[in-house]
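Student: I have a model open and would like to know what stands behind the labels people attach to it. Could you take me through some of them?

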Amino acid sequence: MAQAAIELIGINKSFGAVRANRDINLEVARGTIHGIVGENGAGKSTLMSILYGFYQADSGEIRVGGKPVSIHTSNDAIALGIGMVHQHFMLVDNFTVLENVILGAETDALLKSSITKARSELDRLEREYGLEVDPDAVIEELPVGLQQRVEILKALYRGAEILILDEPTGVLTPAEADHLFRILKQLKDQGKTIVLITHKLREIMAITDTVSVMRQGTMVATRTTKETTVGELAELMVGRRVLLRVEKGQSEAGAVKLSVKNLTVKDQRGVTMVDNVSFDVRGGEIVGIAGVAGNGQSELLEAISGIRHAVSGEVMLDGKPIDLTGKADPGELRDRGLAHVPEDRHHVGLVLAFEENENSILGYHDDERYLKGPFLDVDAIMADAKDKIEKYDIRPANPRLKTANFSGGNQQKIVLAREMEQDPGVLIVGQPTRGVDVGAIEFIHKRLIAMRDQGKAVLVVSVELDEIRSLSDRILVMFAGRVVGERGPEATEGELGLLMAGVEHQEAAE
Amino acid sequence: MSTPYAKLPAWADYGLIPLINLSVAFIVAGFVVMLVGENPFRAAVILVEGAFGRGTGIAFTLFYATTFIFTGLSVAVAAHCSLFNIGTEGQAYIGGLGIALVCLSLDSVMPWWVIFPIAIVAAAAFGALWGLIPAYLQAKRGSHIVITTIMFNFIAASVMVYLLVGALKPAGSQAPQTRNFLAGAELPKLNWVIELFGAKIRSAPLNICFLLALVMAFLVWLLIWRTRLGYEMRTYGHSPKAARYAGISETRIIITAMMISGALAGMMALNPVMGDQHNVAIDFVSGAGYVGIAVALMGRLHPVGIVLAAILFGMLYQGGAELAFEMPAISRDMIVIIQGLVILFAGALEHMFRPYIQALFASVSPKSVGMQAVKGTGA
């Protein structure tokens, strides 16, 4: 085996009383792609932040190229040839590519010499690694895939030999992700070392040479990718066997429960986000809306659930219209049997500072079951919360615990329990498993299918294509605010990917 | 990722940390006293004895505390709905106008126990109305409540000056204040309660408004944590988006919360006006509204905390007055510095010592900081 590019020995890191990293040992071989997988909160990001100088380890040793080093700031890391591409890009939106690349690496008080030097260097890097980007393009005008390329170029320009990528494909279409993987392979062939942090096991299998699995702050296993399987990795991550794809029977679609006609929604700036969208959801079926984040799905959900006003169009719930342009009231829609699991559970679906039991009535707090006159019926609320905790296996099973102290998966279960237990006719769900660990995903998917089998109309919006394909009976693809295609669950990923990228749509328009 | 700080047991959170903050405030204040050449230990003894040493001192401390309980509750109610009501000062001042109108017109014909309930309603109504306008502007026009309530303090002050040198002033009087109320508008004193414990009181303004303040503290607790309205206010306070999602009307909740806040502020005026001065004089609120902000923050927006913080500030007012009298080197302004230090350490720097204490707890006993609970199995 080649010499190790990075060695981490006995790394420990605590935040207050929480031990985010416990005795971590990791060896990344030079010239390989090394994956790190784990559930949310397993400590992956903390570990990489220690390597990149954002945090200091409480104890342990870091060796780069065999030599012990101390990394106190990200500048130390850069000097050692470590570059990082963050999940959320660190780019100045109204700067050009070139300006972003030299930011912080200017050599002179005047920019001209830096820019000239950077231009030729960038040219070389682009040719060498197939990282074509127009150096004079302004960042905000570039698609996210190219913005990510700029981040990689930034790291390479600073002489990075070791590249850390944190969840790089979260914002990419399948095609863009494939392109990224080709770039990473090319970088590897040129002798660079790549550390890839992700929770998507498929990516790990597709591209890495070695994979390390983290669970609850510890490193539980390191495997050669060729010798492992997705099933084994999932089991290592969660600590037990998991079903990766839910089993479901044939759907029995009934009457139309939710009908959307020519719906148009604008955002605060007056930009049209949902453009003349029409579709129906029948009882007993799950309709999935696929699309890259930011193509109008969020606004669509908000308009249907009464949170956001629509410009025009018609939405019928059980054959009766919803007031869209006037004073749509989410409370009234709830009374009419529309339950909504919002995309953003931290700010919309839950109040994190509340106790679990208080969140279990959010939106239904004016229901007389929970009230005694103007007072909250604390006993009834508590009994109800305990009941849901048991039914949905919410852990820890403590209705008095602050909601912020639950894990992402359990927080999502709190929202789902609240909305599903109201026995709604229509359930709309945004990003059902975003930030949710593998074990809880399985549970949530099963519940959604159970709702379908009870004859409810279920509308699911998700940026995870796997999820859409595994859950939906029909798939709608949104691109630039429009529904650009409808496919059955048997549609291939490539086919949906093209629709999501707007390829067919543009061809049709030309 | 996990929260940086784990939580502490309740007794440390609500008892130990405020105590440490308070001690540091007094230690720093001690250095200030040393700086002007006085003995800080003697100063501390005078301060505490002045506030609690004699019956009269206790009565005065509780009288001041009554005022601060009202203003503290007022600020806290608005704060639970994430509204920073700086206008408690003006709302209390206008509340005084309501009381004046009731007392001046009824004090010759009715006994105090009839006038008092009417005056409570009038004070609350006038204060609530003074809170309504900024609330409406915030809810409908998006005018920031901090700016508008500050402006309304100035408007209230001007209105009151106009009335107190004009319509409300008895003809021929030189003082900018109403005529003195008759016996019908004088509230019974509570000094006898302290005398029951054997202390002697010469003359002190402690009156039944103290009991009213305690009742209101309980009602505020009930409102915030036990009613549907309080639930909606807290939801909006933590997350306006979640409130929208839950079908809570933003306009209604902002206006309701500010009117309750204004009503509590207005009721503060009962204490000095009907309980002590027996007239409405210019600037009778004299900053109690602003002290209410400190009291509410120090009391962690919880009625129990607010009552305790109000008593602390009552002690600083009363003990501080004694201190200024006993130690000529320490002027009134020095007392304000000490109060400022308390606010600084207990309010603004509340979290300064928290990480160290948490680390200490974590190393001594991980269980006590809820390790098990925080790291629940990821289901």
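Student: How do you know that domain 1 of chain A is in contact with domain 2 of chain A?

Tutor: In this predicted model, two residues are in contact if their C-beta atoms, placed from the backbone, lie within 7 Å. By that test, 9 residues of domain 1 of chain A are in contact with 11 residues of domain 2 of chain A. The assignment gives domain 1 as 4-238 and domain 2 as 256-346 + 426-509, and the domain centres, taken over C-alpha atoms, are 33 Å apart.

Student: Which elements give two or more residues to the side of domain 1 of chain A that touches domain 2 of chain A?

Tutor: They are α6 (174-189) and α8 (230-238) of chain A, and α8(A) provides the largest share, 3 residues. That side of domain 1 divides into 6 nonpolar, 2 polar and 1 charged.

Student: Moving to chain B, why is α4(B) called oblique to α12(B)?

Tutor: The axes of helix α4 (residues 88-106) and helix α12 (residues 270-277) of chain B cross at roughly 40° and come within 9 Å. Angles under 35 degrees count as roughly parallel and 65 to 115 as roughly perpendicular. The crossing angle fits neither class, so α4(B) is oblique to α12(B).

Student: Which residues make that contact?

Tutor: B:Gly96, B:Ile99 and B:Cys103 come from α4(B), and B:Leu270, B:Val273 and B:Met274 from α12(B). They divide into 5 nonpolar, 1 polar and no charged. Gly counts as polar, so B:Gly96 is the polar one.

Student: Which residues touch the most other members of the largest nonpolar core?

Tutor: In that core of 264 residues, they are A:Leu51, A:Val477, B:Ile99 and B:Ala119. Helix α3 (residues 55-80) of chain B gives the most to this core, with 15 residues.

Student: What makes B:Asp283 exposed?

Tutor: A residue is exposed if 12 or fewer other C-beta atoms lie within 10 Å of its own. B:Asp283 has 12, so B:Asp283 is exposed. B:Asp283 lies in the loop between α12 and α13 (288-298) of chain B, and its phi is near 55°, a positive value in a residue other than glycine.

Student: And why does B:Ser286 count as partly exposed?

Tutor: B:Ser286 has 14 C-beta neighbours inside 10 Å. Being buried takes 20 or more and being exposed 12 or fewer, so B:Ser286 counts as partly exposed. B:Ser286 also lies in the loop between α12 and α13 of chain B, with phi near 40°.

Methods. Residues numbered from 1 in each chain as written. Chains lettered and ligands numbered in written order. Predicted model: local features only at pLDDT ≥ 70, side-chain atom pairs only at ≥ 80, totals over all residues. Axes fitted to C-alpha atoms, helices over the stretch in contact; angles between N-to-C directions. Helix = DSSP H or I, 4+ residues; strand = E, 2+ residues; numbered from the N terminus. Parallel < 35°, antiparallel > 145°, perpendicular 65-115°, else oblique. Domains from an automatic or database assignment. Core = buried A, V, L, I, M, F, W, Y, C linked by C-beta atoms within 7 Å.
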